[in-house]
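Visitor: I have a chain on the screen and would like to go through it in questions and answers. Where shall we begin?

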Amino acid sequence: VTLEPIINKALKIAMIVFVAKAFGESLDEKNGIFTKLKTKRNKEIDSGTISVILKAIRIIIYIIAAFMVISELGYDISGFITSLGIGGVVITLAAQDTAKSLIGGALIILDKPFKVGDYIKVATFEGTVEEITFRSTNIRTLENSVLHIPNSEMSISAIINFSEMEKRRYFSVSV
C-alpha cells in the first residue's frame with residue numbers, strides 16, 4: 001500500500017479548504033468591489049445591506065467547498081444535489097407567500113425605495129416606516145397603530161415616499 005494517493009487527496013482537500021477560507025475571509029466592506037459599487041450607485045448602500053450580501057456569498061463559497069471535499073473523498077454527490085433541488089422546489093411551492101415576501105424584502109433592502117423614518121403611502125395605508133425586515137415592513141400610522149405589511153405586497157404596489165419630495169404644496173385655509 002502506497003501513501004502517495006492518500007497524500008495527494010489530503011493535499012487537494014487542504015487546498016480546497018485553504019482557497020475557500022481565503023476567499024471567504026477576503027470579503028469585507030473595504031474590498032475594492034464594494035467600494036466601487038458604493039461609488040457607482042446613486043443611492044448609498046448601508047453597511048447592513050453589505051454585511052447580509054457578504055454573509056450570503058461566504059455561505060455559498062463554503063457550501064461549494066464542502067461539496068468539492070465530499071466529491072474528492074470519492075462520494076457521488078450528484079444524487080444529493082438533485083434531491084436538494086427537488087426539495088427546494090417542493091418547499092418553495094409549499095411556502096409561496098413566505099418565499100415571495102423574502103424575495104420582496106431582499107428587493108426592498110437592495111433597491112431602497114424608502115428607509116426607516118420615511119413617511120410613505122402604500123395602497124390605502126400610509127405612515128412612518130419603523131422597521132424593514134426580510135418578511136415584512138412595519139409602518140406606524142397617524143392613529144399610532146402599527147401595520148405589518150408583507151414585503152410581497154410592498155414590492156408590487158406603488159409606493160409614494162413623501163420624505164423624498166423636494167417641494168410640497170401647502171394650503172392655508174382661513175376661517
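Guide: We can begin with a strand pair; note that this is a predicted model. Strand S3 (residues 136-140) and strand S4 (residues 146-150) run antiparallel, and five bridges join them.

Visitor: Which residue in S4 is the bridge partner of Asn138?

Guide: Asn138 falls in strand S3, which covers residues 136-140. Its bridge partner in S4 is His148.

Visitor: Which residue in the turn of the S3 and S4 hairpin has a positive phi?

Guide: S3 and S4 form a hairpin, and five residues lie between them. In that turn a positive phi of about 70 degrees belongs to Asn144.

Visitor: What pattern does the chain follow along the sequence?

Guide: The chain has six helices and five strands. Read along the sequence, they give the pattern α-α-α-α-α-β-β-β-β-α-β.

Visitor: Is Leu3 buried or exposed?

Guide: Leu3 sits in the segment before helix H1 (4-26). Together with Ile6, Ile7 and Leu11, Leu3 forms a nonpolar surface patch with about 420 Å² of accessible area. The cut-off for exposed is over 50% relative accessible area. Leu3 has 57%, so Leu3 is exposed.

Visitor: What share of the area that the chain exposes do carbon and sulfur atoms supply?

Guide: Of the 175 residues in the chain, 21% are buried. The chain exposes about 12900 Å², and the share from carbon and sulfur atoms is 64%.

Visitor: Among contacts between residues at least 6 apart in sequence, what share join residues at least 24 apart?

Guide: A contact here means heavy atoms within 4.5 Å. Among contacts between residues at least 6 apart, the share joining residues at least 24 apart is 51%.

Definitions and conventions:
Residues are numbered from 1 along each chain as its sequence is written. This is a predicted model: local features need pLDDT of at least 70, side-chain atom pairs count only at pLDDT 80 or more; totals for chains, interfaces and linings use all residues. Side-chain values use heavy atoms; hydrogens and water are left out. Helices (H or I, at least four residues) and strands (E, at least two) are DSSP runs, numbered from the N terminus. Buried means under 20% relative accessible area, exposed over 50%, partly exposed in between (1.4 Å probe, protein chains only). Accessible areas come from the Shrake-Rupley method with a 1.4 Å probe; for residues, only the protein chains shown count as cover. Patches are made of residues with over 30% relative accessible area and no salt bridge: like charges are joined within 9 Å, nonpolar side chains (Val, Leu, Ile, Met, Phe, Trp, Tyr) within 5 Å. A salt bridge is a side-chain nitrogen of Lys or Arg within 4 Å of a carboxyl oxygen of Asp or Glu. Two strands pair if DSSP finds at least two bridges between them.
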